[in-house]
There are 2 protein chains.
Amino acid sequence: MSLLKPHIEKLLGSTLSDFEGIERFFQPISLRKKENLLVEGKVCKANYFVEHGCLRMFFVNEKGVEQTTQFALEHWWLADYASFSSQSPSGFYIQAVEPTRVLSLSYEAQEKLLHEHPQMERYFRLVHQRAHAAAQFRIRWLYGHSKEENYYQFVQRYPEFVQRIPQYLLASFLGFTPEYLSQLRARNIS
Amino acid sequence: MSLLKPHIEKLLGSTLSDFEGIERFFQPISLRKKENLLVEGKVCKANYFVEHGCLRMFFVNEKGVEQTTQFALEHWWLADYASFSSQSPSGFYIQAVEPTRVLSLSYEAQEKLLHEHPQMERYFRLVHQRAHAAAQFRIRWLYGHSKEENYYQFVQRYPEFVQRIPQYLLASFLGFTPEYLSQLRARNIS
DNA sequence: CGGATCGTTGATCAACTTCAACGGTCGTGG
DNA sequence: CCACGACCGTTGAAGTTGATCAACGATCCG
């Protein structure tokens, strides 16, 4: 419970007097590597705040290959928001990349939290606005460059993260095959 | 001013008694075809709600080609939220695809609106949550299929919209060249 | 030790781009 | 109202990018 309070305070720009009243809506969950928080076909019952570790969101395409669409590190919220909002079945998986600790805010808990603490509407408005901005940036990035350029830019921008995850996940996230990633790496060990 | 009130009421699930108090923060703007609301290098000063017509967001890549990343039709909000949130220069353009009428909510006006009408925090939280969900869906869609499949699915899903916009914009949005789109069409007039 | 998982390498192949050229249409100025 | 130019869509040839498939080596973990 060490990261959430400062995160809320940072976004709201004020110190929280009643964090206990907010905290009680969250449930901590510890995940082992490769453990799932959500599987395809199930409803995304909660919104997850990463306290420690790393989550990824992926789907399985028609060829049976996992396609990673998103990672979430410390401080980030993750859920399938289409599924979460309407409490309908999801087409995604959410899985721990490494041992991970999250705070889970269930759909019902979030409703009650927002009702009892209306200032949290503002917090989540800002969280989603930021995520929306990040998505716009991401889409631009996907359009703007070849896959090779994408790779180099990503490595340059997030070198520590590239160290942290296996290569096949990086390839999956960048939208190409592990074989192609190997070729890029081979070319560049110059 | 006909679309905004029902949209707010729909998301908040209640009727608005004081719409006049909200309305006054918005400024209507009429745009001719190809007129710009935002150009690269300028700050995205407002958040735009489309009343009638169609906007597109695009950037110019290093080859000088316009890449369309987003369209906004009636009921949709559009802004470069990274630029808007921090009032810093944008890397995007926002342009009218056809004669378009928007309601503009400037950054300062939005701040005041949210301060005076805190229930609007909930409204914008829901707007951004939906947009975030749409972005997740969009990213999945970009990853999931070849460009050819993307084209067919898009035409099937939004046939009326495909009629409405020129082909070179559709190609730009789908992430390929107008020439390739021509080939796809030629193949498929079967 | 043995099997599964991960990364690598190379050959072949399909998807898509690029470039160049052409025809139609639309709108604007004369 | 016509003519011209700009813009848009089309076609085809050649070139690139990245996928696929198959085989192999290394490493990790039981």
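A salt bridge here is a side-chain nitrogen of Lys or Arg within 4 Å of a carboxyl oxygen of Asp or Glu. By that yardstick, four salt bridges link chain B and chain A in this predicted model. Here's a quick tour of the interface, then of a sheet in chain B.

**How much gets buried**
- Chain B and chain A each bring 40 residues to the contact.
- About 3,500 Å² is buried between the two chains, with carbon and sulfur atoms giving 55% of that area.
- On the chain B side, Gln136(B), Arg140(B) and Tyr143(B) account for 23% of the area buried against chain A, more than any other three residues.

**Polar links**
- One of the salt bridges pairs Arg122(B) with Glu121(A), and their closest N and O atoms sit 2.7 Å apart.
- Counting polar contacts with both residues at pLDDT 80 or more, you get 20 residue pairs between chain B and chain A.

**Who does the touching in chain B**
- Several elements supply at least two residues each, among them β4 (55-60), β5 (66-72) and α8 (167-174).
- The largest share, 17 residues, comes from α5(B).
- By type, the side of chain B that touches chain A splits into 17 nonpolar, 15 polar and eight charged residues.

**The sheet in chain B**
- Four strands make an open, antiparallel sheet ordered β1-β8-β3-β6.
- β1 (27-31) and β6 (77-78) of chain B are the edge strands with a single partner each, so one side of each has no neighbour in the sheet.
- β1(B) and β8(B) run antiparallel and are joined by five bridges, with Ser30(B) opposite Arg101(B).
- Helix α1 (residues 4-12) of chain B packs on this sheet, touching β3, β6 and β8, and its direction makes about 110° with that of β3(B).

Key:
Residues numbered from 1 in each chain as written. Chains lettered and ligands numbered in written order. Predicted model: local features only at pLDDT ≥ 70, side-chain atom pairs only at ≥ 80, totals over all residues. Heavy atoms only, no water. Contact = heavy atoms within 4.5 Å. Buried area = accessible area lost by both parts, 1.4 Å probe. Polar contact = N/O pair within 3.5 Å; in protein donor to acceptor, adjacent residues only side chain to side chain. Nonpolar A, V, L, I, M, F, W, Y, C, P; charged D, E, K, R; others polar. Pairing = 2+ DSSP bridges. Axes fitted to C-alpha atoms, helices over the stretch in contact; angles between N-to-C directions.
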